[in-house]
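This report describes selected packing, pairing and charge contacts, written for a reader who will want to check each one against the coordinates.

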Amino acid sequence: MPNRLAHETSPYLLQHADNPVDWWPWSEEAFTEAGRRGVPVHLSVGYSSCHWCHVLARESFEDEAVAAYMNEYFVNIKVDREERPDVDAVYMEAVQAATGQGGWPMTVFLTPEAEPFYFGTYFPPAPRQGMPSFRQVIEGVHSAWTDRRDEVAEVAEKIVRDLAGREIAFGDTQVPGEEELARALLGLTREYDSTHGGFGRAPKFPPSMVVEFLLRHHARTGAEGALQMAADTCERMARGGIYDQLGGGFARYSVDREWIVPHFEKMLYDNALLCRVYAHLWRATGSDLARRVALETADFMVRELHTNEGGFASALDADSDDGHGRHVEGAYYVWTPGQLREVLGEQDAAIAAHYFGVTEDGTFEEGASVLQLPQHEGVFDAEQIASIRGRLLAARDLRPAPGRDDKIVAAWNGLAVAALAETGAYFDRPDLVEAALAAADLLVRIHLDEHARLARTSKDGRAGANAGVLEDYADVAEGFLALASVTGEGVWLEFAGFLLDHVLVRFTDEESGTLYDTAADAEKLIRRPQDPTDNATPSGWSAAAGALLSYAAQTGAEPHRAAAERALGVVKALGPRAPRFIGWGLATAEALLDGPREVAVVGPADDPATKALHRAALLATAPGVVVAVGTPDSGELPLLADRSLVNGEPTAYVCRNFTCDAPTTEVDRLRAALGR
């Protein structure tokens, strides 16, 4: 019999609907039931493309005996962290504080008052490597709850007190300046892997937001070291196994320093951020590799993540059927020399193995290799490589595909809108701009209510029940602002303003300017989550600062600029100490130091001179530059007000820090005005 998850919209929760565990979704009723029965709550948090979440489910949640024990002694709650990032954040903070590490699946045991008292992540079906089995854990928790209830209550109360005391001191009332950004760059230089690119050791995650900071820092200061770190990191990732050499798009992370073996799930947010990063790298350097990767990643998103409703699905699983009935991580993506020969024949297989780094021993498991693009001496025939790649991709398409999480997450779709709009504009791909517009339209139609409040998720054209969090409002506003710059359509600026007004009123502390991840009127948890540091995506805090700053530059709205500056105080405090974890905040600080510059292009939409000036403005590397384009009398965008044609010709106006240059009708002069 299906359990209570059968009526949920989350693909992750639906994966557990047929478990023998009597799962509850996160709800007040579940905690009321725990109180009525006098049992603790077992909270299990994961997401649909999480490999070890699936492993734990197969080993324990599908085990009838284990499930019977769970049902008798616990109320069991299953949470999709992508639907409820607030619940995930609060309890992950407790897990990390108690154990020094975190991750998914996350396992937390709570009192009926939702206070945590025991934590963990994955537990195996039998004890190994110092880890207790999952059965031992639940038996131990039951024993403690039954025999030492007072001790459990004391532990839970102390944890909640400690969490309440971790509220972020605002750090500084001043914005970060030259000194803090220089110190952040120095800190990144110390952690940079000069051999393989990226930062730190294994596992290695794509440092999208840090690369954005490095590109902006180079654009503002001319620091060649910053550009070199950005370019080398991007090249190493693009040549590694973390990048899909056949179909485009990036996997979640690399398990090694060399970017060879990925954890194979593909997330919308990674690919949106990286698509934009590579497009910006091309804008700064003209790199052919950056152009190719930006376009291939955009095409991957449109081809494999696009939904019927016009948005973008959350993720593709790491695991898939290996053709022999086994659900195996990476099965869809890896190749053996024998498989190459089956598809290509002896001669082309030998070329492909050399070109893609496929070895007899394999670089992954069971003699299989992840395709890479190693540096080679000599020249390959481009047509032959294109033919090989096409045949391998066609053969791969016949393999059982990884599962797809079809839910639409507002924040991640906002990131995709920004990436596709800019990439389409840079490379004259109107189809990508159209894809961005379709996703933006879905966000307005399905996720936005009559009060401009956002739903966090939707599926099959139906909004989910969970309220949007700060990152949703900020990232969707970021996407709309990018669309306004690319299309000149003022409606997107207007929608961005609605969302950012919510940030000012519902997510910001009125006295200090501190930002919270949940709205003031959101469901009350044991603590109101608040985190300014970037994780896989820009934190809601720094994303809000960036969107507020861009909106203020587009409109002259002083409250929004003041809020952005207050939010950046935390970057002044954290940037020099932990630059790897506040990259988007540092990138926004670069925009603030540069102005950001405001460009208004006025002229008939179909005039080639208007298009040339608009394109030159969009391709400016000045950090955070905002662009408005339209006719002098359109009234679409505030930056166009009182701007007239010069001698009847399309004209560009550049302003910065409340000072404007003389208008120009010449593309070269506009480019010069937007240089350092």
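The text below treats a helix pair, a strand with its neighbours, the salt bridges and one serine in turn.

The model is a predicted one, and the values that follow are to be read with that in mind.

**Helix packing**

Two packed helices are described by the angle between their axes and the distance between the axes. For helix 17 (residues 470-487) and helix 19 (residues 540-555), the axes come within 8 Å and cross at roughly 35°, and the crossing is left-handed. On the side of helix 17 the contact is formed by L470, E471, A474, D475, A477, E478, L481 and S485, while helix 19 contributes G540, W541, A543, A544, G546, A547, S550, Y551 and Q554. Sorted by class, the residues of this contact are nine nonpolar, five polar and three charged.

**Strand 4 and its partners**

In a regular strand the side chains alternate between the two faces of the sheet. Strand 4 (residues 106-110) is mostly covered, with five of its five residues buried; M106, V108 and L110 point one way, whereas T107 and F109 point the other way. Strand 2 (residues 41-46) runs antiparallel to strand 4 and is joined to it by five bridges, with L43 standing opposite V108. Strand 5 (residues 116-120) is likewise antiparallel to strand 4, here through four bridges, and within that pairing G120 of strand 5 is the bridge partner of T107. Strand 4 and strand 5 form a hairpin in which five residues lie between the two strands, and A114 in the turn has a positive phi of about 70°.

**Salt bridges**

Side chains of opposite charge can pair when their charged atoms come close. The structure holds 42 salt bridges, and three of these are listed here with the separation of their N and O atoms.

| Acidic residue | Basic residue | N to O distance |
|---|---|---|
| E178 | R220 | 2.7 Å |
| E191 | R580 | 2.8 Å |
| E422 | R276 | 3.0 Å |

What does the pairing of E178 with R220 tie together? Because E178 lies in helix 8 (residues 178-191) and R220 in helix 9 (residues 208-221), the pair links parts that are 42 residues apart in sequence. R220 has a relative accessible area of 14%, so this residue is buried, the cut-off being under 20%.

The salt bridge between R580 and E191 reaches from the loop between helix 21 (569-574) and helix 22 (583-594) to helix 8, so it ties together parts that are 389 residues apart in sequence. R580 is partly exposed at a relative accessible area of 29%, and E191 also counts as partly exposed, at 32%.

The salt bridge of E422 with R276 joins helix 15 (residues 410-426), where E422 lies, to helix 11 (residues 268-285), where R276 lies, and therefore ties together parts that are 146 residues apart in sequence. Both E422 and R276 are buried. Elsewhere, salt bridges that share partners join D80, E82, D405 and K407 into one network.

**A serine in helix 3**

Is S60, which lies in helix 3 (residues 51-61), buried or exposed? S60 counts as buried because its relative accessibility is 2%. Leaving aside residues up to four places away in sequence, S60 touches V66, A67 and F134.

Methods:
Residues numbered from 1 in each chain as written. Predicted model: local features only at pLDDT ≥ 70, side-chain atom pairs only at ≥ 80, totals over all residues. Heavy atoms only, no water. Axes fitted to C-alpha atoms, helices over the stretch in contact; angles between N-to-C directions. Left-handed = near helix turned anticlockwise from the far one by under 90°. Contact = heavy atoms within 4.5 Å. Nonpolar A, V, L, I, M, F, W, Y, C, P; charged D, E, K, R; others polar. Buried < 20%, exposed > 50% of the residue type's maximum accessible area, 1.4 Å probe, protein only. Pairing = 2+ DSSP bridges. Salt bridge = Lys/Arg side-chain N within 4 Å of Asp/Glu carboxyl O.
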